[in-house]
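Please open the model in a viewer and keep the selection panel at hand. The tour below proceeds by selection, with a short account of what is found at each stop.

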Amino acid sequence: MFKDWIVDAAYALQTSNRYQRVRKFFYNLLENSSFKYKRYFDMTMVLLIVVSVSVLIREVKFQVPAYIVDLNTYVISFIFFIEYILRFWISSSISKIIIEHKEKDALLDREFNFSLALFHILKEKFRYMISINAIIDLLAVLPFFHQLRLLRIFILFRVFKLFRYTRSVQTFASVLISKKFEFLTLFIFSSIIIFVSSVLIYIMEANNPDSEVKTLYEAFYWSIVTISTVGYGDITPTTTESRFIAMLVITAGVAVLAFTTSLVVSAFTEKLDEIKDLKSIDDLRKLEDFYIICGYEKIAQEVCKNLVKTNKLLILDEEHSRIEQAHKDGFEALNYDPGSVESYKRLHIDMKRQVKAILCLREDDVENVYTTLTVRSFNKDVFILSLLMNDKNRKKLEFAGVNEILYSKELVGLVAREFVGKPVAFEAIHALRSELNNINVEEIIITQRIAQNFTFVEELVHRKYRLLLLGIYKKEHKHFFFNPMGSMILEEGDVLLLIGNVSFIKEFEQHLNKKRKK
């Protein structure tokens with residue numbers, strides 16, 4: 001009974017539009033850099049960090065009013081605590097994990113293992129808790145729980161939270177992380193030099209009454225100052241042997257400094273195009289009613305020259321040389337594959353609100369079909385115009401979902417025009433034949449919950465979700481029924497075999513598990 005209650009609660013949360021909207025809102029606010037309110041949230045958090053650290057610094061030599069100290073210790077800390085709880089909440093979906101385990105156990109015809117699901121939940125939450133960002137967040141709220149003045153030093157950890165809210169700092173950190181192996185090698189080399197030189201200096205100088213090196217700590221201090229080429233001069237070697245070691249350490253320090261500089265420069269050089277792309281994507285979020293041009297070959301170049309006079313354009317092409325040519329021609333262009341869903345995810349744009357039309361202008365019908373299918377896999381409404389090179393491929397483009405086709409032999413004297421129309425649906429079987437990555441063959445088990453919601457096949461309304469029902473495996477008969485009639489009765493344990501877009505299948509599963517009003 002307890003397990004059934006947990007599963008019902010998980011399905012209720014997973015299919016609740018209100019709960020999912022709230023969860024998505026906080027996820028966007030905390031993690032999605034393209035969310036319109038995130039900028040204001042980040043600015044607010046940065047301001048709180050600055051105020052918090054400023055109060056801590058002021059307290060060192062001056063008396064700070066009690067209400068300001070309380071504001072810093074309790075109010076600001078409480079805000080950071082709420083943020084920590086929200087990040088902990090959105091780090092992983094408990095209801096989703098429970099449902100995944102429940103459906104997997106049902107598919108394997110075994111009892112739901114709640115202990116395993118609970119272990120998976122704790123594992124995911126613990127993985128978040130031990131992440132660097134989560135540890136910093138937790139340390140930043142410690143002053144809220146402790147009255148000891150010494151523990152107020154944890155307020156300084158709020159400075160590290162700036163990494164979350166400052167895009168430029170995140171970019172700089174990502175650039176350095178790309179060379180983490182090289183920096184690790186450099187760190188190990190420097191550590192060995194420091195350790196060896198410290199021990200040698202200590203052995204040679206510790207018993208010398210004229211030497212300033214009396215402890216191993218002072219020897220380490222001297223080594224670090226020397227290898228960093230700072231050279232304060234407060235501790236200097238007195239013996240000939242020690243000075244020889246100092247020369248070696250200084251030489252090693254110059255080498256380390258040069259190597260570090262070259263690493264940073266090379267990292268930024270390699271990431272320069274990516275940084276420029278990020279800047280372009282940030283600018284894109286402010287645009288409305290622009291065209292996405294897929295491919296930049298000869299015909300596309302002529303079309304762009306006409307369109308740019310009265311419209312805004314974004315060119316996508318996986319070929320680096322063509323992107324360079326687009327930049328030379330003065331167009332906004334990104335080295336992204338227009339046939340990849342990931343490319344559009346990285347753009348973080350609202351297709352419905354921002355994009356006027358997508359023009360597939362590759363001089364290859366297969367590439368245009370593939371790009372169209374990719375776009376249609378996540379947006380069925382955006383207007384798509386495609387170039388046609390060979391008339392025998394016209395039907396393929398129409399099936400893929402192109403709204404308007406331009407035959408290449410009819411493109412002479414093409415003039416920029418406005419495009420209107422309704423989306424053209426495509427069949428799932430054609431998508432499979434075209435090898436679209438986002439089309440899956442999926443098995444869905446008819447659970448007790450689904451059987452209570454739906455009695456007949458026709459009630460499933462799978463076509464509404466653009467899914468093709470190949471057939472049903474009836475557990476009782478141990479037989480697969482191909483293309484079942486709408487009047488076929490659904491029973492617990494039956495398995496639906498569906499073909500369709502991954503995202504549509506997920507929506508369909510939510511539809512099946514959503515409690516229906518009788």
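Select Cys 360 together with Ser 386: in this predicted model, Cys 360 stands opposite Ser 386 in E5. The two strands concerned, E4 and E5, pair in the parallel sense over 3 bridges. Extend the selection to E5, where 5 of 5 residues are buried and the strand is mostly covered. Both of its faces are covered: Ile 384, Ser 386 and Leu 388 are buried on one side, and Leu 385 and Leu 387 are buried on the other.

**The sheet around E4 and E5**

Next, display the whole sheet to which these strands belong. It is open, has 6 strands in the order E3-E2-E1-E4-E5-E6, and its pairing is parallel. At its edges lie strand E3 (333-334) and E6, each of which pairs on one side only.

Move to E1 and E2, which pair in the parallel sense over 5 bridges. Within this pair, Ile 293 stands opposite Ile 315 in E2. E2 is mostly covered, with 4 of its 5 residues buried. On to E3: E2 and E3 run parallel and are joined by 2 bridges. Selecting Leu 316 leads to its bridge partner in E3, Leu 334.

Now add helix H14 (residues 298-307) to the view. This helix lies across E1, E2, E4 and E5, and runs at about 170° to E1.

**A buried position in E4**

Return to strand E4 and select Leu 359, which lies in it. Is Leu 359 buried or exposed? Its relative accessibility is 2%, so Leu 359 counts as buried. A distance may be drawn from here to Thr 371: the C-alpha atoms of Leu 359 and Thr 371 are 9.8 Å apart, with the two positions 12 residues apart in sequence numbering.

**Two nonpolar cores**

Select Ile 292, Leu 316, Leu 347, Val 355 and Ile 358. These residues touch the most other members of the largest nonpolar core, which has 25 residues. At least two residues of this core come from each of strand E1 (290-294), strand E2 (312-316), helix H16 (341-347), strand E4 (355-360), helix H18 (365-378), strand E5 (384-388), helix H19 (394-400) and strand E6 (404-407). Separate from this is a second core of 21 residues, which includes Ile 293, Ile 315, Phe 331 and Leu 406. In soluble globular proteins, nonpolar side chains tend to be buried together.

Centre the view on Val 355. Which residues are in contact with Val 355, leaving aside neighbours within four places in sequence? They are Phe 290, Ile 292, Ile 349, Asp 350 and Val 382.

**Helices H2, H3 and H4**

Go next to helix H3 (residues 38-58) and helix H4 (residues 66-90). Their axes come within 10 Å and cross at roughly 140°, and the crossing is left-handed. To show the contact, select Phe 41, Met 45, Leu 48, Ile 49, Val 51, Ser 52, Val 55 and Leu 56 in H3, which meet Ile 68, Asn 72, Ile 76, Ile 79, Phe 80, Glu 83 and Arg 87 in H4. By class, the residues of this contact are 11 nonpolar, 2 polar and 2 charged.

Keep H4 in view and add helix H2 (residues 17-31). The axes of H2 and H4 come within 10 Å and cross at roughly 115°; this crossing, too, is left-handed. Here Tyr 19, Val 22, Arg 23, Phe 26, Tyr 27, Leu 30 and Glu 31 in H2 meet Glu 83, Leu 86, Arg 87, Trp 89 and Ile 90 in H4. The contact of H2 with H4 has 8 nonpolar, no polar and 4 charged residues.

**Ala 252 in H13**

Select Ala 252, found in helix H13 (residues 240-284). Ala 252 has a relative accessible area of 10% and is therefore buried, the cut-off being under 20%. Beyond residues up to four places away in sequence, Ala 252 touches Ile 193 and Ile 227. Thr 226 lies 26 residues from Ala 252 along the chain, and their C-alpha atoms are separated by 9.5 Å.

**The whole chain**

Finally, zoom out to the full model. The chain contains 22 helices and 10 strands, and 41% of its 518 residues count as buried. Of the contacts between residues at least 6 apart in sequence, 66% join residues at least 24 apart.

Technical notes. Residues are numbered from 1 along each chain as its sequence is written. This is a predicted model: local features need pLDDT of at least 70, side-chain atom pairs count only at pLDDT 80 or more; totals for chains, interfaces and linings use all residues. Side-chain values use heavy atoms; hydrogens and water are left out. Axes are lines fitted to C-alpha atoms, for helices over the stretch in contact, and angles run from 0 to 180 degrees between N-to-C directions. A crossing is left-handed if the near helix is turned anticlockwise from the far one by less than a right angle, and right-handed if clockwise. Contact means heavy atoms within 4.5 Å. Ala, Val, Leu, Ile, Met, Phe, Trp, Tyr, Cys and Pro count as nonpolar, Asp, Glu, Lys and Arg as charged, and the others, Gly among them, as polar. A nonpolar core is a set of buried Ala, Val, Leu, Ile, Met, Phe, Trp, Tyr and Cys residues joined through side-chain atoms within 4.5 Å. Buried means under 20% relative accessible area, exposed over 50%, partly exposed in between (1.4 Å probe, protein chains only). Two strands pair if DSSP finds at least two bridges between them.
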